[in-house]
Structure formats: C-alpha cells, structure tokens
Amino acid sequence: MGIITNNSMTKLKFTLFFACLLFATSAFSQTDKAQSDSYLNTGYKGMVDIGYGIGTSKWGTGRIELATTHGYHFFPFLYTGVGVGANYYHDRKAWSIPVFANIRGYLPLSDPQLSPFADIRVGYSVADIDGFY
C-alpha cells in the first residue's frame, strides 16, 4: 500500500473539485419517446444530482455532493419530492447524510433542452455533521 503525501492529496482534491464542476448534472428518470419530447410532463420524476458546493462565510467549507430525489411533477412548472444524499466536507474530513423535502420550480422556455430552475431543500442531516439541512 502506497503512502499518500500532502502534495498528492492536494492534487487529488484539485482534480476532484474540477471534475465535479465540469460534470455537475441532474439525471432524470427515463421515459418513453412520446413522453420525453418535453420536460414539462407531469407525473413521477426521479433525479440524481452530483456537484460541488463552495463554502462561504466563516463557517463555510467546500463539499462534494451526491443526492437522489424522487417525487411528483404536479404542474408543468412545479416539482415536489423527498430525497437523501451524501456530502463529503474535504476540509473537515467529515460526512453528512441529509434527508430532505424538495421543491423545484422550472422557468418555462421554448427549448425543452434548456430548463433553468430554482431548487429548495429542507431537512435534517446525520453522520459526522448533523443538524438542520
């Protein structure tokens, strides 16, 4: 087993940070061709989010995030669901596992490939870092 040096750990963090920035995405559950023509369809929707959170303020710390949310698209522009995730705070070397309710509102555009949204998650986190999420 090799020894991880401080320099190689810094390179690893830097690489993970940019990989998360470049590949931050949301993956939607698959639907048949008739339903996939528009993101505005109502019904069940499952999502997987991968990203990197940049910490701000004196309490902030950067984190790698992975979450899955499952819920219902009630109206063409409103989604609600519940989810669970895993966040790794690399500065603290700590984990949190949030369980949350999710509300997401979509901005209607004529191009279904582009769908800006606002997302709110409220819940509780357990593991190394616990409390309000």
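Colleague: Let's start with isoleucine 97: what is its relative accessible area?

Modeller: Bear in mind that this is a predicted model, where local features need pLDDT of at least 70, side-chain atom pairs count only at pLDDT 80 or more, and totals for chains, interfaces and linings use all residues. Residues are numbered from 1 along each chain as its sequence is written, and side-chain values use heavy atoms, with hydrogens and water left out. Isoleucine 97 lies in strand 5; helices (H or I, at least four residues) and strands (E, at least two) are DSSP runs, numbered from the N terminus. Isoleucine 97 counts as partly exposed (buried is under 20% relative accessible area, exposed over 50%, partly exposed in between, with a 1.4 Å probe and protein chains only), because its relative accessible area is 37%.

Colleague: And serine 96 next door, buried or exposed?

Modeller: Serine 96 sits in strand 5 too. Side chains alternate along that strand: Trp95, Ile97 and Val99 are among those pointing to the face that is not buried, while Ala94, Ser96 and Pro98 are among those on the other one. Since the relative accessibility of serine 96 is 1%, this residue counts as buried.

Colleague: Which residues does serine 96 contact, leaving aside neighbours within four places in sequence?

Modeller: Contact here means heavy atoms within 4.5 Å. By that rule serine 96 is in contact with Gly85, Ala86, Asn87, Tyr89, Ser125, Val126, Ala127 and Ile129.

Colleague: How many bridges join strand 5 to strand 4, and how many join strand 5 to strand 6?

Modeller: Two strands pair if DSSP finds at least two bridges between them. Valine 84 stands opposite valine 99 in strand 5, and arginine 104 has aspartate 119 in strand 6 as its bridge partner. Both pairings are antiparallel: for strand 4 (residues 78-89) with strand 5 the count is ten, and for strand 5 with strand 6 it is eleven.

Colleague: In the hairpin of strand 4 and strand 5, which residue takes a positive phi?

Modeller: That hairpin has four residues between the strands. The phi in question is near 55 degrees, and it belongs to lysine 93.

Colleague: Which residues form the nonpolar patch on the surface?

Modeller: Patches are made of residues with over 30% relative accessible area and no salt bridge, joining like charges within 9 Å and nonpolar side chains (Val, Leu, Ile, Met, Phe, Trp, Tyr) within 5 Å; a salt bridge is a side-chain nitrogen of Lys or Arg within 4 Å of a carboxyl oxygen of Asp or Glu. Accessible areas come from the Shrake-Rupley method with a 1.4 Å probe, and for residues only the protein chains shown count as cover. With about 420 Å² of accessible area together, the members are Val84, Ile97, Val99, Tyr124 and Val126. The elements that give two or more residues to this patch are strand 5 and strand 6, and its full membership is Val84, Ile97, Val99, Tyr124 and Val126.

Colleague: On to the loops: how far is the C-alpha atom of glycine 62 from that of histidine 90?

Modeller: Glycine 62 lies in the loop between strand 2 (43-53) and strand 3 (63-75), and it is buried because its relative accessible area is 7%. Among the residues it touches are Tyr89, His90 and Asp91. Glycine 62 and histidine 90 are 28 residues apart along the chain, with their C-alpha atoms separated by 6.8 Å.

Colleague: What is the relative accessible area of proline 116?

Modeller: Proline 116 is in the loop between strand 5 (94-106) and strand 6 (117-127), touching residues that include Gly105 and Leu109. Proline 116 is partly exposed because its relative accessible area is 33%.
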